[in-house]
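Please work through the exercises below with the sequence and the predicted model side by side. Each task is followed by a solution that proceeds step by step.

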Amino acid sequence: MDLEKRLEQVLDRSQYGVGDAKSWDTLLREIDRGECVITWSDGKPIREVELICIQVQGDARSQFSDRKLFEAYQEFRDGRRRERNLWGVSEKILQGEVPALAARRALCEELGFCDRELEDIVFVFHPTIDQAEKESPSYPGLWSRFTRHRAIAYLPQHLCHEQYVEHQVDKTTVFVWR
């Protein structure tokens, strides 16, 4: 039996794509892209996700040196809005990808920086890794196990903007300084 059918047997698809939940297709894309792995325990699926969590702030010469970047909210294509209020930028680490490369990719995808601009950003990676488990608000009924790597990214003044907007197929995400 393929993975999608097996998931459909234990998860209620009608809860997906409503409220704060992402769509069923988004879950399947996440699996296909290697952003997570589904494992099973006692007949229940567990979404295994490895993340890079980046605290973003202006460097010492920047007007944003005393503030941190927050993911303020997401707006889905169907008009739903999900308040996030999460510090920094978080990105799923792809299967086989190292955290340092995932951090660079995150700032490109989420904040719109190009490779040349990344050369001006100072990254500091923390050696500690933490783990957490919880039912995902994004995917109802699906327990998620997160492994988080942490870093700080110091942006020079010329890369600091009042806000950043990421446009994806299914949603728009807005980042602001606080």
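**Exercise 1. Decide whether Arg47 and Glu30 are buried or exposed, and describe how their side chains meet.**

Solution. Begin with accessibility: Arg47 and Glu30 are both buried, the cut-off for this class being a relative accessible area under 20%. Next, inspect the side chains, which meet in a salt bridge with an N to O distance of 2.6 Å. Then place the partners along the chain: because Arg47 belongs to strand E2 (residues 44-58) and Glu30 to helix H2 (residues 24-32), the pair ties together parts that are 17 residues apart in sequence. As background, side chains of opposite charge can pair when their charged atoms come close. Finally, consider the wider setting, in which the structure holds 17 salt bridges.

**Exercise 2. Find which residue forms a salt bridge with Glu48, and classify the accessibility of each partner.**

Solution. The partner is Arg145, and the closest N and O atoms of the two residues are 2.6 Å apart. This pair links distant parts of the chain, since Glu48 sits in strand E2 and Arg145 in strand E7 (residues 143-155), 97 residues apart. For the accessibility step, Glu48 has a relative accessible area of 23% and is therefore partly exposed, while Arg145, with a relative accessible area of 24%, is likewise partly exposed.

**Exercise 3. Classify the accessibility of Arg81 and Glu83, and then name the residues that salt bridges with shared partners join into one network.**

Solution. Arg81 and Glu83 form a salt bridge in which the closest N and O atoms are 2.7 Å apart. Arg81 counts as partly exposed because its relative accessibility is 43%, whereas Glu83, with a relative accessible area of 54%, is exposed. As for the network, salt bridges that share partners connect Glu30, Glu35, Arg47 and Lys92.

**Exercise 4. Describe how strands E3 and E4 are joined, and identify the residue with a positive phi in their hairpin.**

Solution. First take the pairing: strand E3 (residues 69-76) and E4 run antiparallel and are joined by five bridges. A useful point of reference is Phe70, which stands opposite Trp87 in E4. Next look at the hairpin, which has four residues between the strands, and where Gly79 takes a positive phi near 100°.

**Exercise 5. Give the phi of Asp42 and of Asn85, and locate both residues.**

Solution. Start from the general expectation that most residues other than glycine have a negative phi. Asp42, although not a glycine, has a positive phi of about 55°; Asp42 is placed in the loop between E1 and E2 and, with a relative accessible area of 77%, is exposed. Asn85 also is not a glycine and has a positive phi of about 50°, but Asn85 is found in strand E4.

**Exercise 6. Test whether the span of helix H3 agrees or disagrees with its number of residues, and list the buried residues of the helix.**

Solution. Helix H3 (residues 99-111) has 13 residues, so at 1.5 Å a residue the expected span is 18 Å, and the 17 Å between its end C-alpha atoms agrees with this. The expected value follows because the rise is multiplied by one less than the number of residues. The buried residues in H3 are Ala102, Ala103, Arg105, Ala106, Leu107, Glu110 and Leu111. To read this list, recall that an α-helix has 3.6 residues a turn, so residues three or four places apart point the same way. Just after H3, Gly112 takes a positive phi of about 85°.

**Exercise 7. State how much space lies in the largest pocket, and work out what lines it.**

Solution. The largest pocket holds about 1100 Å³ of space. It is lined by 42 residues, of which Lys22, Leu51, Arg84, Ser90 and Lys92 are the closest to its centre. By element, strand E4 (residues 81-87) gives the most to this lining, with five residues. By class, the lining of the largest pocket comprises 22 charged, 12 nonpolar and eight polar residues.

Notes
Residues numbered from 1 in each chain as written. Predicted model: local features only at pLDDT ≥ 70, side-chain atom pairs only at ≥ 80, totals over all residues. Heavy atoms only, no water. 1 Å grid on protein atoms, 1.4 Å probe; cavity = no way out; pocket = protein on both sides within 12 Å on 5 of 7 lines; lining within 4 Å. Points joined across faces, edges and corners; volume = space filled by probe spheres on them. Helix = DSSP H or I, 4+ residues; strand = E, 2+ residues; numbered from the N terminus. Nonpolar A, V, L, I, M, F, W, Y, C, P; charged D, E, K, R; others polar. Buried < 20%, exposed > 50% of the residue type's maximum accessible area, 1.4 Å probe, protein only. Pairing = 2+ DSSP bridges. Salt bridge = Lys/Arg side-chain N within 4 Å of Asp/Glu carboxyl O.
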